[in-house]
Amino acid sequence: MLRLRVDSILLFGLVLIAAGATGCVNPLTALPKLFEARRLASELHVSFTRAAEASNRAVMADTDEASIAAKDEAMRARHVVDRDLESLQPALTDLDYADELRALAAFRTHYEEYQRLDDEILPLAIENSNLKAQRLSFGDAQAAAKAFRTSLDGALRLAPPSQANASALLVDRADIAVLEIQVLQAPHIAESDDAAMTRMEGSMNDSAAAAKAALDRLKTTLPRAAAPLAAADAALARFLSVNTQVVALSRKNTNVRSLALSLGRKRVVTAECENELTALGEALAKHESTATR
């Protein structure tokens, strides 16, 4: 019995030595390595999902602070993905899991494209040029337009009866020209086509010229209204200056471009990455069920 037991031990040792010599995984160490590979794969999947979700929030955020916070969160999650990738590769190599290595290689390929897209999207998202243009349009531009109309009404009250109707017509013409510019700001901010934005800017320039011409006519028609007309002149200059800023920010189109990229190719690449990580996790789970029987 003793000899039989010794022979069995020797035979088992020879099997282990042969397994090592032929490149097979040592069954005594395979299970801990498998558990570690499964942990890394799971953490990799969770971190990638967090990175993608945070990147999307950076694009959709409506303040600079929220965009920057989401961008930073996305980058931190990506660092974890990079770290786990480097650890998982040798772990799967040690286990000699060919299918899992192929899935990891496929994920890495898709993830490299994901990173390139994300590196383009995140700086656009935190610049928020369209949101800033919108705030200017609804804030400073609107306030300047209101001040312009108030000053014109003050000048109109000083019109002599003989000039009342002609002056009212000029006031309305100037006010309508400013309103036309305001109406075009919102579609300009939302527009992504350069040619369409150029056409809108042409209309804005025509309306600005009409407002200035009407105001110049009022200056000759209402000499006694010099003070309110000077205030109207200053308000119009302020409005047109803000409009120039709105157009410049809108032209950058950082929010529109980041959203288009996120909903386009990046969405496809993200799904491809998720699919490879899911396949990797499922393959590793099958190995565990076999190893623990």
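Visitor: In which loop is Asn253 found?
Guide: In this predicted model, Asn253 has a positive phi of about 55° although it is not a glycine. Reading along the chain, one meets helix H8 (226-252) on one side of this residue and helix H9 (254-263) on the other, and Asn253 is found in the loop between H8 and H9.

Visitor: Does Asn253 count as buried or exposed?
Guide: Buried means under 20% relative accessible area. The relative accessibility of Asn253 is 4%, and therefore this loop residue counts as buried.

Visitor: What is the phi of Asn128, and where does this residue lie?
Guide: Asn128 lies in the loop between H4 and helix H5 (129-156), and with a relative accessible area of 0% the residue is buried. Although Asn128 is not a glycine, its phi is positive, at about 55°.

Visitor: How are helices H3 and H4 oriented, roughly parallel or roughly antiparallel?
Guide: Two packed helices are described by the angle between their axes and the distance between the axes. For helix H3 (residues 64-95) and helix H4 (residues 98-127), the axes come within 11 Å and cross at roughly 160°. Because angles over 145 degrees count as roughly antiparallel, the orientation of H3 to H4 is roughly antiparallel.

Visitor: What is the handedness of the crossing of H3 and H4, and how many nonpolar residues does their contact have?
Guide: The crossing of H3 and H4 is left-handed. Sorted by class, the contact of H3 with H4 has four polar and nine charged residues, alongside a nonpolar group that numbers 15.

Visitor: Which residues does Leu101 touch, not counting residues up to four places away in sequence?
Guide: Leu101 lies in helix H4 and, at 22% relative accessibility, counts as partly exposed. Leu101 and Gln89 are twelve residues apart in sequence, and their C-alpha atoms are 7.3 Å apart in space. With residues up to four places away in sequence left out, Leu101 touches Gln89, Leu92 and Thr93.

Visitor: How many helices and strands does the protein chain have?
Guide: Read along the sequence, the protein chain follows the pattern α-α-α-α-α-α-α-α-α-α. The count for the chain is accordingly ten helices and zero strands.

Visitor: Of the contacts in the protein chain with a separation of 6 or more, what percentage do residues 24 or more positions apart account for?
Guide: Of the 293 residues of the protein chain, 38% count as buried, while the chain exposes about 15700 Å², with carbon and sulfur atoms supplying 59% of that area. Among contacts with a separation of 6 or more, the part that residues 24 or more positions apart account for is 82%.

Methods. Residues numbered from 1 in each chain as written. Predicted model: local features only at pLDDT ≥ 70, side-chain atom pairs only at ≥ 80, totals over all residues. Heavy atoms only, no water. Axes fitted to C-alpha atoms, helices over the stretch in contact; angles between N-to-C directions. Helix = DSSP H or I, 4+ residues; strand = E, 2+ residues; numbered from the N terminus. Parallel < 35°, antiparallel > 145°, perpendicular 65-115°, else oblique. Left-handed = near helix turned anticlockwise from the far one by under 90°. Nonpolar A, V, L, I, M, F, W, Y, C, P; charged D, E, K, R; others polar. Buried < 20%, exposed > 50% of the residue type's maximum accessible area, 1.4 Å probe, protein only. Contact = heavy atoms within 4.5 Å. Areas by Shrake-Rupley, 256 points an atom, 1.4 Å probe, with all protein chains shown as cover.
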